[in-house]
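Here is a colleague's note for a student who is meeting this structure for the first time. Please keep the view open while reading, and look up each residue as it is named.

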Amino acid sequence: MTTAVDKPRRLVPRWREYGRPRELVVRYLLLLFVLGITVGPLVWQFLASLKSTSEDVFGADASLLPHHPTLRAYRQVFDQVPVATYIRNSVIVVALSVTSQLLFSTTAGYILSKPGWKGRKAVWVVLIASMMFPFESIMVSLFLSIRDLGLVDNLVGVWLPGFVGAINVLLMRGAFLAVPREIEDSAMLDGANEWQRFRYLYLPSAWGAILVVTINTFISAWDDFLWPLIVLRSEGHMTLTLGLSRLQSSSFGYDQRVVMAGSVISVVPVLVLFVITQRWFYKGVSSGAVKL
């Protein structure tokens with residue numbers, strides 16, 4: 001016969017385990033401050049896009065919440081610019097970027113993670129050094145190269161400079177280095193060749209880092225504005241962020257609510273992707289941390 005064992009009574013409330021009341025208040029205030037800075041502008045844009053024409057967006061009479069919410073600004077965005085064409089062009093650039101980044105960053109990261117070949121350290125140093133230069137410092141030479149290749153006003157010209165990134169190569173290298181050497185030795189004893197070890201051992205082990213590379217590439221390619229602005233000319237080739245910037249031109253009659261609606265439309269795909277994949281994203285960041 002068994003007797004139920006009473007659980008020990010909790011003498012201290014659970015919330016007290018996280019610190020003293022004053023410390024908790026300071027923590028929450030700091031978190032609210034950071035949250036307001038990071039998310040506040042996006043929330044304000046969304047609320048402003050719902051305002052009617054009789055409500056002010058800026059000024060002393062402007063309120064945060066819309067008094068008469070309407071989707072008029074969103075309908076005007078689709079009426080004034082070819083949003084579907086812009087989305088199609090952005091999807092093409094994103095698909096090319098994600099495919100090339102995954103292909104080259106995984107293979108290059110795998111090669112860099114393998115010991116026993118000369119120049120490995122030098123390649124790693126060059127990759128690190130390449131990240132020190134801002135994009136603006138090489139922008140002119142990149143444009144001249146794209147122009148000589150005849151890729152101005154072409155989506156391939158938008159994709160080509162970012163077909164592989166040094167940070168993604170280093171992330172994949174870090175993820176592959178985390179795979180225990182003993183597991184690879186066992187695979188070699190079982191007769192697995194180099195491709196089989198890469199395909200069936202290293203790639204599944206680096207799933208989190210692969211997801212991080214995918215998300216980073218998607219966001220950078222989708223949100224890129226400066227390089228498409230330099231390369232693209234015609235409206236039929238414009239990406240979403242570049243095309244929606246035309247809403248500020250005088251030919252459409254500048255309406256702040258419509259511009260806000262365009263900004264919200266451009267970030268929706270990124271938010272949806274991040275919400276769906278955030279669970280694996282954080283694991284991937286830690287597993288793919290750059291290792292020396």
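1. A pocket, as the word is used here, is an open set of points on a 1 Å grid with protein on both sides within 12 Å along at least five of seven lines, and its lining residues are those with an atom within 4 Å of a point. The model in front of you is predicted, and the points below should be read with that in mind.

2. With that meaning of a pocket, the second largest one is lined by Asp-223, Phe-225, Thr-241, Leu-244, Ser-245, Gln-248, Val-259, Gly-262, Ser-263, Ser-266 and Val-267. Two elements, helix H12 (240-244) and helix H13 (256-287), give two or more residues to this lining, and H13 provides the largest share of the lining, namely five residues. The volume of the second largest pocket is about 220 Å³, and its lining is made up of four nonpolar, six polar and one charged residues.

3. The largest pocket encloses about 1000 Å³ of space. Of the 29 residues that line it, Phe-135, Pro-161, Gly-162, Val-164 and Gly-165 lie nearest its centre. Among the helices that each supply at least two residues of this lining are helix H3 (83-113), helix H4 (120-130) and helix H5 (135-148), together with H7 and H10. By class, 19 of the lining residues are nonpolar, nine are polar and one is charged.

4. How are H7 and H10 arranged with respect to each other? The axes of helix H7 (residues 166-177) and helix H10 (residues 207-223) come within 9 Å and cross at roughly 165°, and the two helices are therefore roughly antiparallel to each other. On the H7 side the contact is made by Asn-168, Leu-171, Met-172 and Ala-175, while H10 contributes Ala-209, Ile-210, Val-212, Val-213, Asn-216 and Thr-217. Seven of these contact residues are nonpolar, three are polar and none is charged. The crossing in which H7 passes H10 is right-handed.

5. H7 also packs against H4, where the axes come within 9 Å and cross at roughly 135°, an angle that makes H4 oblique to H7. From H4 the contact uses Arg-120, Trp-124, Leu-127, Ile-128 and Ser-130, and from H7 it uses Ala-166, Val-169, Leu-170, Arg-173 and Leu-177. Sorted by class, the residues of this contact are seven nonpolar, one polar and two charged. The crossing of H4 and H7 is left-handed.

6. The axes of H3 and helix H9 (residues 194-205) come within 12 Å and cross at roughly 105°. Angles of 65 to 115 degrees count as roughly perpendicular, and H3 and H9 are therefore roughly perpendicular to each other. Thr-106, Thr-107 and Tyr-110 of H3 meet Glu-194, Phe-198, Tyr-202 and Leu-203 of H9 in this contact, which comprises four nonpolar, two polar and one charged residues.

7. How many cavities of 30 Å³ or more does the structure hold? There is one, and the space in the largest cavity is about 30 Å³. Its lining consists of Ser-90, Val-93, Ala-221, Trp-222, Asp-224, Thr-239 and Thr-241, with H3 and H10 each supplying at least two of the lining residues. By class, this lining has three nonpolar, three polar and one charged residues. Thr-241 is worth finding in the view, as this residue lines the largest cavity and also lines the second largest pocket.

Technical notes. Residues are numbered from 1 along each chain as its sequence is written. This is a predicted model: local features need pLDDT of at least 70, side-chain atom pairs count only at pLDDT 80 or more; totals for chains, interfaces and linings use all residues. Side-chain values use heavy atoms; hydrogens and water are left out. Axes are lines fitted to C-alpha atoms, for helices over the stretch in contact, and angles run from 0 to 180 degrees between N-to-C directions. Helices (H or I, at least four residues) and strands (E, at least two) are DSSP runs, numbered from the N terminus. Angles under 35 degrees count as roughly parallel, over 145 as roughly antiparallel, 65 to 115 as roughly perpendicular and the rest as oblique. A crossing is left-handed if the near helix is turned anticlockwise from the far one by less than a right angle, and right-handed if clockwise. Contact means heavy atoms within 4.5 Å. Ala, Val, Leu, Ile, Met, Phe, Trp, Tyr, Cys and Pro count as nonpolar, Asp, Glu, Lys and Arg as charged, and the others, Gly among them, as polar. On a 1 Å grid over the protein atoms alone, a cavity is a set of points where a 1.4 Å probe fits but cannot get out, and a pocket is an open set with protein on both sides within 12 Å along at least five of seven lines; lining residues have an atom within 4 Å of a point. Grid points are joined across faces, edges and corners, and a volume is the space filled by probe spheres set on the points.
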